[in-house]
Amino acid sequence: MPHDVSLIATIAAGFGLAMVFGYIAVRLRMPPLVGYLLAGIVISPATPGFVADVGLASQLAEIGVMLLMFGVGLHFSISDLMAVRRIAVPGAIVQIAVATLLGIGVSHFWGWSLAGSLVFGLCLSVASTVVLLRALEAKGLLKSINGQIAVGWLVVEDLVMVMVLVLLPALAGVIAPADGVASTQGSDIWQAVGITLAKVTAFIVLMLVVGRRLLPKALWWVARTGSQELFTLSVVAVAVGVAFGAGKLFDVSFALGAFFAGMMMRESEFAHRAADESLPLRDAFAVLFFVSVGMLFDPSVVWNQPFKLLAVVAIIMLGKTVAAVALVLLFRYPLNTALTVGVSLAQIGEFSFILAGLGVALNLMPVEGQSLVLAGALISIAANSALFSAVEPLQAWIRERSAYARKLEARDDPLAELPASTHASLLAKQVVLVGHGRVGERIAQTLREQGIPFVVAEENREIVDALRKDGIAAVSGDASTPEVLIQAHIARAAVLVITIPDTMGVRKMVEIARTLNPEIDVILRTHNEEEAELLKRESLGTVFLGDTELARGMAAHVLLQFKR
């Protein structure tokens with residue numbers, strides 16, 4: 001038996017302790033990510049007992065970064081981002097700027113260099129996509145407009161951080177020249193940036209021209225063999241191979257290479273299967289990534305620098321949140337949306353760890369900064385679930401005690417009311433269509449083709465704006481509130497069609513509609529058989545279940561073939 005088993009020991013200790021601490025974290029109603037970070041702290045050189053091989057853990061973490069970013073690329077949707085671009089793009093950029101300036105301000109006060117302060121501020125400005133997605137899923141908000149805005153906001157943040165990771169090595173010698181080395185001239189700065197951007201552009205063009213065509217085809221060839229293990233292997237090989245090749249051939253970060261590999265793989269009809277097949281391996285190496293990050297943490301920063309840590313937590317959980325809430329309200333979204341987005345961003349995660357590690361490796365940021373970032377991440381992630389649970393009580397408390405908040409909710413909003421020019425024929429015996437997503441859009445198209453009058457009630461202001469420009473009557477707002485359904489003239493409507501699978505909201509919508517119009521016909525949509533049975537039992541309306549309708553349509557097609 002070989003004597004050097006440091007790799008096995010590192011993996012065994014990392015996985016074993018991550019499982020134990022992750023389980024404890026979940027039982028305490030915290031994200032398991034907190035447990036993984038704590039597992040890394042336990043086997044780190046900063047704590048007594050077994051010490052894992054930090055070098056090996058770092059290499060395993062690189063694979064974790066590749067697979068994490070590959071997963072982000074697989075789920076990255078330009079269309080989802082475009083649906084909320086008017087708020088997500090400027091909101092994310094302004095919020096990054098605010099958080100970065102706050103980080104620069106406090107760290108400069110501590111006496112850090114401008115370069116270290118800049119990296120530190122950027123670390124505090126970007127929230128964790130992993131934590132956000134899991135929190136939204138747990139609360140059932142992922143498909144809501146609030147969830148879409150939060151995810152779109154995070155996508156913009158991720159794209160900004162990807163560019164930072166690409167440019168930072170090229171600019172390291174410029175913003176923080178080594179001792180005894182003269183500062184780089186302006187022409188050299190632009191030359192360094194130009195060369196880096198040229199390499200990145202070459203890589204992106206290669207992926208768009210070659211990868212976009214080759215990778216989906218390669219996946220199709222492998223899928224035709226019928227071998228599941230070969231399919232899984234091909235997905236992982238593409239993720240790691242493209243990331244490694246990008247780093248070696250184009251000096252592009254592994255993270256960017258894996259991200260684009262995922263984006264190109266998304267073009268394949270097997271993208272969902274690729275995501276499912278690679279998920280276990282992604283999860284496993286993601287655990288090792290967070291464990292390795294924990295191994296770099298020095299716990300002494302908690303008691304040696306408590307005021308610095310307090311400032312970091314305040315920036316993450318207060319500064320970013322207040323900035324986000326203010327920006328969302330500025331874009332005329334309701335208080336609930338503002339609070340949900342603000343809470344979603346009140347944490348930091350994987351990109352912060354990657355950026356902090358790069359900053360230390362390039363001698364831009366002190367090691368103390370990496371420990372402060374990790375401590376701030378631990379605290380903010382652990383508190384994030386509690387913050388989500390506090391959104392509704394906080395919203396009620398603010399409305400009750402703040403006349404200004406009530407004024408914000410009641411302010412004139414041109415999209416929350418139908419235009420005075422709306423033709424009267426659209427406001428009697430019409431269909432009130434709640435939601436204009438994939439299902440709602442198809443229903444609206446059919447109604448329009450058949451000349452049936454309808455009014456759309458949709459939370460996404462950008463969709464409402466686009467519908468009005470297309471000559472469709474639409475109102476912006478949450479249809480589970482009386483004001484929105486009243487604006488849609490529910491009292492004179494013939495049918496209420498609810499296309500959003502919102503369990504709690506559906507009941508409120510139906511209750512309001514039948515209070516104002518007892519004779520209205522209600523049509524509901526759900527994805528869950530148990531929920532469908534419950535809705536039928538409560539006589540809330542005619543319920544359509546996705547799987548049932550699909551099976552019914554396929555069976556009808558089969559019967560039609562036999563009748564010929």
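Me: Which residues form the nonpolar patch on the surface?
Reply: This is a predicted model, in which local features need pLDDT of at least 70 and side-chain atom pairs count only at pLDDT 80 or more, while totals for chains, interfaces and linings use all residues. Residues are numbered from 1 along each chain as its sequence is written, and side-chain values use heavy atoms, with hydrogens and water left out. A patch is built from residues with over 30% relative accessible area and no salt bridge, nonpolar side chains (Val, Leu, Ile, Met, Phe, Trp, Tyr) being joined within 5 Å and like charges within 9 Å. The nonpolar patch, with about 720 Å² of accessible area together (Shrake-Rupley method, 1.4 Å probe, only the protein chains shown counting as cover), is formed by Val205, Leu206, Leu208, Val209, Val210, Leu214, Trp220 and Trp221.

Me: What is the relative accessible area of Val209?
Reply: Val209 is found in helix H9, residues 186-224, where helices (H or I, at least four residues) and strands (E, at least two) are DSSP runs numbered from the N terminus. A residue is buried under 20% relative accessible area, exposed over 50% and partly exposed in between, with a 1.4 Å probe and protein chains only. Val209 counts as partly exposed because its relative accessible area is 47%.

Me: Which helix gives the largest share of the negative patch?
Reply: Glu529, Glu530, Glu533 and Asp547 form a negative surface patch, Asp and Glu counting as negative, with each charge placed at CG of Asp or CD of Glu. Glu533, partly exposed at 43% relative accessibility, belongs to the helix in question, which spans residues 529-537 and supplies three residues, the largest share. That element is helix H24.

Me: Which residue of E4 is the bridge partner of Val432?
Reply: Strand E1 (residues 431-434) runs parallel to E4 and is joined to it over four bridges, two strands being paired if DSSP finds at least two bridges between them. Strand E4 (residues 495-498) is covered on both faces, with Val495 and Val497 buried on one side, and Leu496 and Ile498 buried on the other. The partner of Val432 in E4 is Leu496.

Me: Which residue of E6 is the bridge partner of Leu524?
Reply: E4 also pairs in the parallel sense with strand E5 (residues 521-526) over four bridges, and in E5 Leu524 is the bridge partner of Ile498. E5 is in turn joined to E6 by four bridges, again in parallel. Strand E6 (residues 542-545) has an uncovered face of Thr542 and Phe544 and a covered face of Val543 and Leu545. The partner of Leu524 in E6 is Val543.

Me: How many residues apart in sequence are the parts tied together by the salt bridge of Asp465 and Arg86?
Reply: In a salt bridge, a side-chain nitrogen of Lys or Arg lies within 4 Å of a carboxyl oxygen of Asp or Glu, and the side chains of Asp465 and Arg86 meet in one at 2.8 Å, N to O. Because Asp465 lies in helix H21 (residues 461-469) and Arg86 in helix H5 (residues 85-109), the pair ties together parts whose separation in sequence, in residues, is 379.

Me: Which residues are linked in a network of salt bridges?
Reply: Lys469 forms a salt bridge with Asp465, with the closest N and O atoms 3.6 Å apart. Both lie in helix H21, four residues apart, about one turn of the helix. The network is made up of Arg86, Asp465 and Lys469.
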